[in-house]
Amino acid sequence: VDSTGRGKGTHTLTSSAGTLTLSEDVEIRPFPPPTPRRMMIEGDWELVAATGAYVGLEAHGKIHGKIYATVDRVKDPPEITFVRDGNAE
């Protein structure tokens, strides 16, 4: 039984210096099978917009990388942990 899924979306990270908007395309897998209380997320992310002090990042090319995340539904409320890996081109 294949219980994986795909997800696409954006996250906007905001600070007093400006914002970064990241687009993500990920695969979502339950962990551990067969009765998951957690999910593992892995896929690609890309910087699609920047404001304020971050505007130069977009002007020098896009940032590409991998995204990894876990969703812990054991906790109430559920907790999501993201790790993004990448570099500027």
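## A buried glutamate and its partner

In this predicted model, the side chain of Glu-24 makes a polar contact with the side chain of His-11, at 2.7 Å. You can find Glu-24 in strand 2. Is this residue buried or exposed? Its relative accessibility is 8%, so Glu-24 counts as buried, because buried means under 20%.

His-11 has company around this glutamate. Setting aside neighbours within four places in sequence, Glu-24 is in contact with Gly-7, Lys-8, Gly-9, His-11, Asp-44, Trp-45, Ile-67 and Arg-84. Two of these names, Trp-45 and Ile-67, will come back when we look at the nonpolar core.

## The nonpolar core

Now let us turn to the greasy side of the story. In soluble globular proteins, nonpolar side chains tend to be buried together. Which residues make up the largest nonpolar core here? It has ten: Leu-20, Leu-22, Val-26, Ile-41, Trp-45, Leu-47, Ala-50, Ile-67, Ala-69 and Val-71. Strand 2 (18-31), strand 3 (38-50) and strand 4 are the elements that give two or more residues to this core. The largest share, four residues, comes from strand 3.

## A closer look at Val-71

Val-71 is one of the core residues, and it lies in strand 4, which covers residues 63-72. With a relative accessible area of 8%, Val-71 is buried, because that value is under 20%.

Which residues does Val-71 touch, once those up to four places away in sequence are left out? They are Arg-37, Arg-38, Met-39, Ile-41, Glu-79 and Ile-80. Of these, Ile-41 is also listed in the core. You can also try tracing the chain from Val-71 to Phe-82: these residues are eleven apart along the chain, and their C-alpha atoms are separated by 9.0 Å.

## A cis peptide bond in a loop

After strand 4, look for Pro-77, which sits in the loop between strand 4 and strand 5 (79-88). The peptide bond leading from Asp-76 to Pro-77 is cis, and its omega is near 5°.

## Salt bridges

Side chains of opposite charge can pair when their charged atoms come close. How many salt bridges does a search of the whole structure find? There are four. One of them joins Asp-25 and Arg-6, with the closest N and O atoms 2.9 Å apart. This pair links distant parts of the chain: Asp-25 belongs to strand 2 and Arg-6 to strand 1 (residues 5-15), and they are 19 residues apart. Asp-25 is partly exposed, with a relative accessible area of 27%, whereas Arg-6 counts as exposed at 59%, because exposed means over 50%.

Another salt bridge connects Arg-29 with Glu-27, whose closest N and O atoms are 3.5 Å apart. Arg-29 is partly exposed at 28% relative accessibility, and Glu-27 is partly exposed with a relative accessible area of 29%. These residues also belong to a network of salt bridges that links Glu-27, Arg-29 and Glu-42.

Finally, Glu-79 and Lys-75 meet through their side chains in a salt bridge, at 3.3 Å from N to O. Glu-79 counts as partly exposed at 37% relative accessibility, and Lys-75 counts as partly exposed at 39%. Glu-79 brings us back to an earlier section, since this residue is one of those that Val-71 touches.

Note on methods. Residues are numbered from 1 along each chain as its sequence is written. This is a predicted model: local features need pLDDT of at least 70, side-chain atom pairs count only at pLDDT 80 or more; totals for chains, interfaces and linings use all residues. Side-chain values use heavy atoms; hydrogens and water are left out. Buried means under 20% relative accessible area, exposed over 50%, partly exposed in between (1.4 Å probe, protein chains only). Contact means heavy atoms within 4.5 Å. A nonpolar core is a set of buried Ala, Val, Leu, Ile, Met, Phe, Trp, Tyr and Cys residues joined through side-chain atoms within 4.5 Å. A polar contact is a pair of N or O atoms within 3.5 Å; within protein, one must be able to donate a hydrogen and the other to accept it, and residues adjacent in sequence count only if both atoms are side-chain atoms.
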